[in-house]
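Grab a pencil and open the viewer. Here are some short exercises to work through, each with a solution that goes step by step.

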Amino acid sequence: MLDLHSPESARRLIASYPELAWLTGDVNATPEGLASASQGALLSEQVFNQKHIEFDRTAVGIMVLKWVLTGDYDGFTACQPDGAKLSPERFADLHKYVSTVLPDQESIDAMVTYMVINDLGKIKSVVAEVQSRLQVEDVDHDKILLAALERAPDIAPSFQRLTTGHKDLIINGLKAEFNIGQFLQGENVAASLHGLTGLDRKSLDFYLLHAMCDIAGAAGQVKQNGSLVMTEPTYRDWE
C-alpha cells in the first residue's frame, strides 16, 4: 500500500495515479529552499533518470501518509535530528487522527488522488489545456486546478474515478481562501482564518490532512527516508 521505496513500486503507484508522472514535465516548480540530495539518490532519478523536485516532494508526502496510517514511527522520523524528532506521543495522536479522517480504502485513495493532482495547476501543459478548453486566464495554480476539476474533470483521470462525495471534499478544499503554509510561518493575520469558515467539518479535516502531508513532504528533494520537515517544533505549530 502506497509503497514508493523502490523504482518498481513507484512505477506501480504511477500506473494507478498517472498524474504523479506528470510532475516530471515542464513545471513551474516551487523554489527548492534546501540543498538537494546527492546525485542519483532521489526516487525521481531512479525512475526517470533525472531529478524532478515536485515529483520527489509529492512522493515523500505519500510515504508520510503511509508511515502514519501504518503506525511506522521509525520510518516517519528516520531522518529527523534527535533534538527535534517528533515525539512518540504526538505521532500516536497523529496516527489516531489520520485513521479517523481516512477510515477506509476509498478515503485513502481519495487522499492520495488529492496529493497527486494538487500541483497540476503548475504543469505548463495542463495549464495550457485548461486555458484552451475553458478560457481560464488565472495564474493561481489552485484556481486553475479548481476550474479544471469543476468544468473538465476528465483532465485528471484519478479524480474522475472518485465517488461524488470524495470529489466534493477535494473541491471544497480548493475553494478555501487560505494558505496554511503562510499561516504556519506567521505570514497570515488572524483574519485570514475566515477563509476556512465555509468548510464543513469533514471537508476541513480532509483539507488539513492533505496540507499536513504536503508540508511534511516539502523537503522530499533533500531526504526521502522520513519527513525532514514535520519535526516536534513544526508539529507543535501545527497543533
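**Exercise 1. Place Asp154 in the chain and find its side-chain partner.**

Start with the position: Asp154 sits in the loop between H9 and helix H10 (157-160). Keep in mind that this is a predicted model, so every value here is computed from predicted coordinates. Next comes accessibility: Asp154 has a relative accessible area of 40%. The limits are under 20% for buried and over 50% for exposed, so a value in between is called partly exposed. That is the class Asp154 gets. Now look at its neighbours, skipping residues up to four places away in sequence: Asp154 touches Arg133 and Gln160. The side-chain partner is Arg133, with a polar contact of 3.0 Å between the two side chains.

**Exercise 2. Find out where Asn49 and Gln135 lie, and what their phi angles have in common.**

Take Asn49 to begin with. Its phi is about 65°, a positive value, although Asn49 is not a glycine. Asn49 belongs to the loop between helix H3 (43-48) and helix H4 (53-69). With a relative accessible area of 70%, Asn49 is exposed.

Then go to Gln135. Here phi is near 55°, again positive in a residue other than glycine. Gln135 is in the loop between helix H8 (124-134) and helix H9 (141-151), and its 58% relative accessibility makes Gln135 exposed. Put together, Asn49 has a positive phi, and Gln135 has one too.

**Exercise 3. Decide whether H13 is enclosed or open, and say what caps its N-terminal end.**

Begin with the length. H13 (201-216) has 16 residues and spans 22 Å from first C-alpha to last, close to the 22 Å expected at 1.5 Å a residue. Now count burial: 12 of the 16 residues are buried, so H13 is largely enclosed by the rest of the structure. Among the buried ones are Leu204, Phe206, Tyr207, Leu209, Met212 and Ile215. Don't expect just hydrophobic names, though: Ser203, Asp205 and His210 are on the buried list as well. Finish with the cap. Asp200 does that job at the N-terminal end of H13, with a side-chain oxygen 3.1 Å from the backbone nitrogen of Lys202.

**Exercise 4. Which residues line the largest cavity, and which helices each supply at least two of them?**

Search the whole structure and you get one cavity of 30 Å³ or more. The largest cavity holds about 80 Å³ of space. Its lining is made of Arg57, Thr58, Gly61, Met115, Asn118, Asp119, His210, Cys213, Asp214 and Gly217. Sort these by element and you find that H4 and H13 each supply at least two. Two of the lining residues, His210 and Cys213, are also among the buried residues of H13.

**Exercise 5. Is Leu174 buried or exposed, and what does it touch?**

Locate it: Leu174 is in helix H11 (residues 164-175). Leu174 has 9% relative accessibility, so it counts as buried. For contacts, leave out residues up to four places away in sequence; what remains is Tyr114, Asp142, Leu145, Leu146 and Leu149. Try one of these pairs in the viewer: Leu174 and Leu145 are 29 residues apart in sequence, with 8.1 Å between their C-alphas.

**Exercise 6. Compare the surroundings of Ser87 and Thr231.**

Ser87 lies in the loop between helix H5 (73-77) and helix H6 (88-101). At 16% relative accessibility, Ser87 is buried. Its side chain reaches the backbone nitrogen of Arg90 at 3.1 Å. Setting aside residues up to four places away in sequence, Ser87 touches Tyr73 and Glu232.

Thr231 is in the loop between helix H13 (201-216) and helix H14 (232-238). Thr231 has a relative accessible area of 9% and is buried. With the same sequence neighbours left out, its contacts are Gln80, Ala84 and Leu86.

**Exercise 7. Zoom out and describe the whole protein.**

Count the elements: there are 14 helices and zero strands. Buried residues make up 50% of the 239 residues. Among contacts with a separation of 6 or more, 69% join residues 24 or more positions apart. The protein exposes about 11,100 Å², and carbon and sulfur atoms supply 50% of that area.

Technical notes: Residues are numbered from 1 along each chain as its sequence is written. Side-chain values use heavy atoms; hydrogens and water are left out. Helices (H or I, at least four residues) and strands (E, at least two) are DSSP runs, numbered from the N terminus. Buried means under 20% relative accessible area, exposed over 50%, partly exposed in between (1.4 Å probe, protein chains only). Contact means heavy atoms within 4.5 Å. Accessible areas come from the Shrake-Rupley method with a 1.4 Å probe; for residues, only the protein chains shown count as cover. The expected span of a helix is 1.5 Å times one less than its number of residues. A polar contact is a pair of N or O atoms within 3.5 Å; within protein, one must be able to donate a hydrogen and the other to accept it, and residues adjacent in sequence count only if both atoms are side-chain atoms. On a 1 Å grid over the protein atoms alone, a cavity is a set of points where a 1.4 Å probe fits but cannot get out, and a pocket is an open set with protein on both sides within 12 Å along at least five of seven lines; lining residues have an atom within 4 Å of a point. Grid points are joined across faces, edges and corners, and a volume is the space filled by probe spheres set on the points.
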